[in-house]
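Here's a walk through a two-chain model, written for someone who'd rather be at the bench. Have a look at it first, then read on.

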Amino acid sequence: MKKILCSLVLILFTMAPNWAQTASEIIAKMDENMNAKTQISRSQMVIHGRRGSRTVESRSYSEGNQKAYTEYLAPARERGTKMLKLGDRLWIYSPATDRSIQLSGHMLRQSVMGSDLSYEDMMEDRKMQDIYSLRLLGEEELQGQRVWVLELVAKVEGLSYPKRKIWVDQRYYVPLKEELYAKSGQLLKELTFSEVKAFGDRYYPTITHYKDALKKGKGTDFILLELALDEAIPEHYFNKSILKR
Amino acid sequence: MIYFLLKGIWRDRSRSFFPILVTAMGVLLTVFLSGFMQGVFNDIIEQNARLETGHLKVMSRAYAELASQKPNDLALYEADSLLAHLRQEYPELIWTPRLRFGGLVDLANAQGETKAQGPANVTALDLSTPSLGEAQRLNLQKSLYKGRLPEQPQEVLMGEEFARRLGIELGQSFSLMGSTMEGSMSFRNYQLVGVIRFGVVAIDRSSLIMNLADAEDFLDMQDAAAEILGYFKHNSYSVKQAKIIAEGFNAAQADNPDEFAPIMLSLRAQNNLGQYVDYANNMSTLIIGIFVLAMSIVLWNMGLLGGLRRYKEFGIRLALGEAKGQIYAALCIESLLIGGLGSFLGTLVGLGLCYYLQLYGIDLDGALEQSNVMMPSVFRAKLTVELLYIGFIPGLLASLLGSMLAGLGIYQRSTANLFKELEA
């Protein structure tokens, strides 16, 4: 009997660190891991259409969640196209017209380069804890890792996804899966994160598979090729003048 | 006998004038109503054909499944050779590709900053090949509110409400942002050369019309086509002919497993227009049926009354020795002649009215100015073969039936009572 009791106490002690975490602590740690002061990355977006796949390559610079600048490198048709996000405003520069166009309204719901991502997906910059009520649903095993399953329900109006479910890796505080729902409960998008790698003392999934549930096709893979964290980025990168340079 | 009866009808006009007039009016209204309804339904279908469906349309199978979303990424490849094939195989039709897509119009101020923006619905037509008749088909010249049609590359037309909202003037340039057929971002500058007003709010507030070549460049769709529309050269939709052509074309593609293989759909098979055509025909038949029935009852009643009014005359004729059968036959032939004359006059005037409205129509342009529904602004009648008999036969038979029924009384009269009745 004593042995059984000891074993139970031991098991409880082993589990305690995980169970003791609240949903908001998990999300806070995930945000802390994922959000560096600055990020400079080179990435590929492989868009799997019904007729085949195409790859778009870009380089991005971001500072916090509010400022981001992306320059498309390939293919030839996209080369020179630039995107600047400052707070809730987004500009796109096209070398073909030599114009910077600010996107607003329903245009933000359009797909980026025919992918499964919308401009709105790129615009979301508020902390999850500020806009969602968090609830820990339990634990599971995913991609061979123990994960927490969290449910996020909007506590502010006007979000693109009023409900989310996130599977968070317990080792690295990295999301491994995310489901985005409409208010009606319909699944809108599914994100799968894989190939988690260490960048300094942080961990990032280097492949993200986006699947728009409302679109036919095989989804979009976002592949992180290079990532530099907390490096200084000149201020002019987040100024509209960068677009026409 | 007929000559004798005609003489009677002509001399005793109090007996024939009103029956002929009533028959003629009834037949006229039936013919006119039928012709006008046929014309209006036909115009609505033709409007759909001109703007959207064509008499026949060729798309890829994958595109056809989602046609209402205009998924240009599922367009047909090697469209030039397909177009050449269609033109060779089906020369009775004019084949023309069209493109539709959405985009964002951005008008810049002097500093190059966004001054105004608006979402655009772009329609691209082959305006550089006049023999295809696209400008006439969409009535562009008449709808031109100001400016001219595009002649050079990068020239476009814009809906009047759209242009007013953006505050753009003729000759000004603007940027259009959208996606290529593969989803890449696409940007081009265009010059506004004309403002159009179709009178339909839904079109006028967001439409942009450009030349097909410009749209192909914008969408990166060289040698690709989203929709190839076919129009009968005689300009009238033939259900049977369209069905035969579509079935023949699709049968030739039946063994092709490619989801991007071409498929041909007739007007009836698109946008639930088949259901609409059936519904329109059923409604038309029902309304005309009710009208014909009402007219028949009136004419029948008139024949009946006419027969009863002549009760005394028949008594005298019987008393003078005329056979009952002969009187009955004379009565029937007489009503047939009256019915025939009335129906002939009614059909003639009805056809004349229909012909007039087929040529000139009723212009409701002003009434439909703020309409949200895509309707033709001029309602026209249509002359069809069935107008020759749709009023004529009921007009002829109804009065005959009335007289035949009233005439049965002749056989119930006995010679013994005749003189008593006449004395009274």
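What follows covers confidence, each chain in turn, one residue and the contact between the chains.

## Ground rules and confidence

This is a predicted model, where local features need pLDDT of at least 70, side-chain atom pairs count only at pLDDT 80 or more, and totals for chains, interfaces and linings use all residues. Residues are numbered from 1 along each chain as its sequence is written, while chains are lettered from A and ligands numbered from 1 in the order in which they are written.

The model comes with an ipTM of 0.76 and a pTM of 0.73. For chain B, the average pLDDT (the predictor's confidence in each residue, from 0 to 100) is 84, and 93% of the residues score at least 70. Which elements of chain B sit at the two ends of the mean pLDDT scale? Strand S6 (residues 155-159) of chain B has the highest, at 95, and helix H16 (residues 415-423) of chain B the lowest, at 65. Where pLDDT is low, the predicted coordinates should not be read in detail.

## Chain A

Chain A has four helices and 13 strands; helices (H or I, at least four residues) and strands (E, at least two) are DSSP runs, numbered from the N terminus. Measure the box yourself if you like: along the principal axes, the C-alpha atoms of chain A fill roughly 80 × 40 × 35 Å. Of its 245 residues, 29% count as buried. Buried here is 20 or more other C-beta atoms within 10 Å of the residue's own, exposed is 12 or fewer, and partly exposed is in between, with C-beta atoms placed from the backbone.

Now zoom in on A:Ser62, which lies in strand S2 (residues 52-63) of chain A. Why does A:Ser62 count as buried? Because A:Ser62 has 22 C-beta neighbours inside 10 Å. Leaving out residues up to four places away in sequence, A:Ser62 touches A:Thr38, A:Gln39, A:Lys67 and A:Ala68; touching means that C-beta atoms, placed from the backbone, lie within 7 Å. A:Tyr210, 148 residues from A:Ser62 in sequence, is 21 Å away in space, C-alpha to C-alpha.

## Chain B

Chain B brings 16 helices and 14 strands. Its C-alpha trace spans about 110 × 55 × 30 Å along the principal axes. The radius of gyration of chain B is 31 Å, whereas a compact globule of 424 residues would come in near 22 Å; the radius is taken over C-alpha atoms, and the globule rule is 2.2 Å times the number of residues to the power 0.38. Still, 40% of the 424 residues count as buried. Of the contacts in chain B between residues at least 6 apart in sequence, 80% join residues at least 24 apart.

An automatic or database domain assignment splits chain B into domain 1 (2-47 + 275-423) and domain 2 (56-236). Taken over C-alpha atoms, the centres of those two domains are 51 Å apart. Separately, UniProt (unreviewed entry) puts "domain: MacB-like periplasmic core" at residues 20-219 of chain B; such annotations may be inferred rather than shown by experiment. That span is 38% helix and 34% strand, and its end C-alpha atoms lie 66 Å apart.

## Where the chains meet

How many residues does each chain put into the contact? Chain A gives 19 residues and chain B gives 19 residues. On the chain A side, strand S1 (38-49), strand S5 (89-94) and strand S6 (99-103) are the elements that give two or more residues. S6(A) supplies the largest share, three residues.

What is that side of chain A made of? Six residues are nonpolar, eight polar and five charged. Nonpolar covers Ala, Val, Leu, Ile, Met, Phe, Trp, Tyr, Cys and Pro; charged covers Asp, Glu, Lys and Arg; the others, Gly among them, are polar.

Definitions and conventions:
Contact = placed C-beta atoms within 7 Å.
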